[in-house]
Every structure is written in structure tokens, then in C-alpha cells.
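Visitor: I am new to this structure. Please pick one part, look at it closely, and tell me how the rest is arranged around that part.

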Amino acid sequence: MAVKVIFLMADDGHDPTETAIPWKVFKDAGFDVYFATEDGNTPKCDEKMLSGWTGTLLGANKAAKRAYEDLSSTCEAFKKPLAWKDHAFTLEDYDLVFLPGGHEKSVRQIMDSARVHEVLASYFPKTRKPSPKSLAAICHGVQVLAMSSTSDGKSVMHDAVTTALPAYMEESIYHVTKLFLGDYYKTYGAGTDAVEEVVKKRLGDRAQFKNSKSPSPFVVEDPSYNYLSARFPPDSEALAKRVVSLVKEVTQSA
């Protein structure tokens, strides 16, 4: 039986690399991939990362753009996603939940969603080892998970080890581009906490947040949960490949 994967997304604004590259890796691994947006609308990734001067200088590379074109034109599950706002929607039938990132302000739809927080708060504890269920997140996707709380008010990630978009990366690109793009690189606006700080505030110990300043792919695996995380688009392929290995390992041993 094929592994079932679901991408939780906002209607608009996700990073195309962090969406399309993992999708391609999962598809090539033989996984059944599904998508969910708020009302079941076809998701649209951040256009600034795909076209114009921003797409050329700051956006997805050629391989990621090809993968996104393939995803958006051929994948029926992407064209007709499920609706996570639906009260009948559940993550329980999936072996893997994937949370792509994206800094465009439209992604606040999923970051601020009580419904998404609810389904993640139900699912994430079920990834505690040994378990056949897994979750992976990259960049701002980690923030979505961190903002999901259990009944005791603590983040579901309170005792997890993770990475996310490093503050130095977020702040540096914001300052370099603000003259031309304003606060485009600050999802909640200028002066708000960086993703790294949002996540750290929700961890039991700030040392649980792992970082790397190396341009080489960086993926963090939690020792207690089937949970993998990464920083930014260049980590996407390494994250997805490690996810495939983890998911095959835990589902086969279940």
C-alpha cells in the first residue's frame, strides 16, 4: 500500500521551491501525494519567486521552476485540493504531513488558522517514536507547527528539536531589499519577530533550536518524534530525500 502524504497550504503565497521540489521527490518515491487549502481552492505559490526580476534574482532556480510547472499543470490533487476548513477534514489517514514555507503575507491564512492548529495539535503527538506517522516542515512551515498548541497551552513542539528560517537570513534579506520591496520579506510586517524567535519562544529550551550558517543542505531530525525540519529553499531536496528514508523506515517497521 502506497504511503499517503498531505501538504497543508494557504491558498496563496507559499514558496514554489519548498512546495514543488518535495512533491517531485515524494512522487518519484511512489508516494500518493495530496494537498489541502482552506476551502479547497487550487493553491498558488508566491509569484515573485517565479517571475519578474525578483524571480530571476531572488527566486526559484530553473529546476524548481520546472518542478513547479510540472506540479501545477499535471497534478490533479494540486488542482483540486481538500479543504482543511471542512469539519470532517482529518490528518489521521496520512503517513506524512508536510508543511512548506513561504514568507509572502498570504501565508498568514494558514499560520493564524485555529483549524489548522487544531488538526496539527491532534496529529503531531502521534509522531512520537515508535510510530508509523511522520511530519516534516521547512522555513515558515515550522512556525505553523510551533503556533499549534495542546490543551495545556503549550506548543506541540514544546519538547521537540527543530530548525527553521534563521533570523540572520530573514533580517539580512529584508534589509537588503526593503528599499525596493518594502517589508515583503517580513510576513507579519517590519519590526515583528523573526521566524526563529517565534519558534524559540514556544520551545521548552531555546537550545532545542538548531542552526547552521553553512550553505550546505541542513536537515534536523528530532530524536523523540518522526519529525524533520529544514531552513530555506536550498534545503528542500535534502529534506525531502531524508523524509522519504524516514517514512519508509517507520512505515515498514510498523
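Guide: A residue counts as buried under 20% relative accessible area and as exposed over 50%, with partly exposed in between. By that scale Tyr-34, at 29% relative accessibility, is partly exposed. The model is a predicted one, and the part to look at is the sheet that holds this residue's strand.

Tyr-34 belongs to strand β3, residues 32-37. Its C-alpha is 6.0 Å from that of Val-5, although 29 residues separate the two in sequence. Setting aside neighbours within four places in sequence, Tyr-34 is in contact with Lys-4, Val-5, Ile-6 and Phe-7, and also with Ala-77 and Tyr-94. The pairing of strands gives the setting for the first of these contacts: β1, residues 4-8, runs parallel to β3, and 5 bridges join them. Within this pair, Val-5 has Val-33 of β3 as its bridge partner.

The whole sheet is open and has 7 strands, in the order β5-β3-β1-β6-β7-β9-β8, with mixed pairing. The edges are formed by β5 (82-83) and β8 (219-221); each has a single partner strand, so one side of each is left without a neighbour in the sheet. As a general point, strands of a sheet pair through backbone hydrogen bonds, either parallel or antiparallel.

From β1 the order continues to β6. These two strands are parallel and share 3 bridges, and Val-5 stands opposite Leu-96 in β6. Val-5 therefore has a partner in β3, namely Val-33, as well as the one in β6. Strand β6 is covered on both faces: Leu-96 and Phe-98 are buried on one side, and Val-97 and Leu-99 are buried on the other. Next comes β7, which is parallel to β6 and joined to it by 4 bridges. Here the bridge partner of Leu-99 is Ala-137.

Two residues of this region show what surrounds β7. Ser-134 is in strand β7 and is buried, because its relative accessible area is 1% and the cut-off is 20%. Away from its sequence neighbours, Ser-134 is in contact with Asp-95, Leu-96, Val-97, Tyr-123, Thr-127, Asn-226, Leu-246, Val-247 and Val-250. Leu-135 likewise is in contact with Leu-96, Val-97, Tyr-123, Thr-127 and Asn-226, and its list also includes Leu-99, Leu-120, Phe-124, Leu-145, Tyr-227 and Leu-228.

Leu-135 is also one of the residues with the most contacts inside the largest nonpolar core, which has 76 residues; the others named are Leu-8, Phe-26, Phe-35, Leu-120 and Met-157. Helix α10, residues 236-253, supplies the largest share of this core, 7 residues. Another core, of 5 residues, lies apart from it and includes Met-49, Tyr-174, Tyr-184 and Tyr-185.

Tyr-174 leads to helix α8, where the buried residues are Met-169, Glu-170, Tyr-174, Thr-177 and Leu-181. Among the elements that cover them are α2 (52-57) and α9 (195-200). The helix spans residues 167-181 and bends by about 40 degrees at His-175. Gly-182, just after α8, has a positive phi of about 60 degrees.

Back at the sheet, the loops on either side of β7 have features of their own. Before the strand, Pro-130 sits in the loop between α6 (114-123) and β7 (134-138). The peptide bond that leads into this proline from Lys-129 is cis, with omega near -5 degrees. After the strand, Cys-139 lies in the loop between β7 and α7 (140-146). Its phi is near 55 degrees, a positive value in a residue other than glycine. Cys-139 is buried as well, with a relative accessible area of 5%.

That cysteine raises the matter of disulfides. In the whole structure the search finds 0 of them. For Cys-75, the nearest cysteine sulfur is that of Cys-45, 12 Å away. Cys-75 is buried, at a relative accessible area of 10%. For Cys-139 the nearest cysteine sulfur is again that of Cys-45, at 13 Å.

Definitions and conventions: Residues numbered from 1 in each chain as written. Predicted model: local features only at pLDDT ≥ 70, side-chain atom pairs only at ≥ 80, totals over all residues. Heavy atoms only, no water. Buried < 20%, exposed > 50% of the residue type's maximum accessible area, 1.4 Å probe, protein only. Contact = heavy atoms within 4.5 Å. Pairing = 2+ DSSP bridges. Disulfide = S-S within 2.5 Å. Core = buried A, V, L, I, M, F, W, Y, C linked by side-chain atoms within 4.5 Å. Bend = angle between axes of the 7 residues up to and from the residue.
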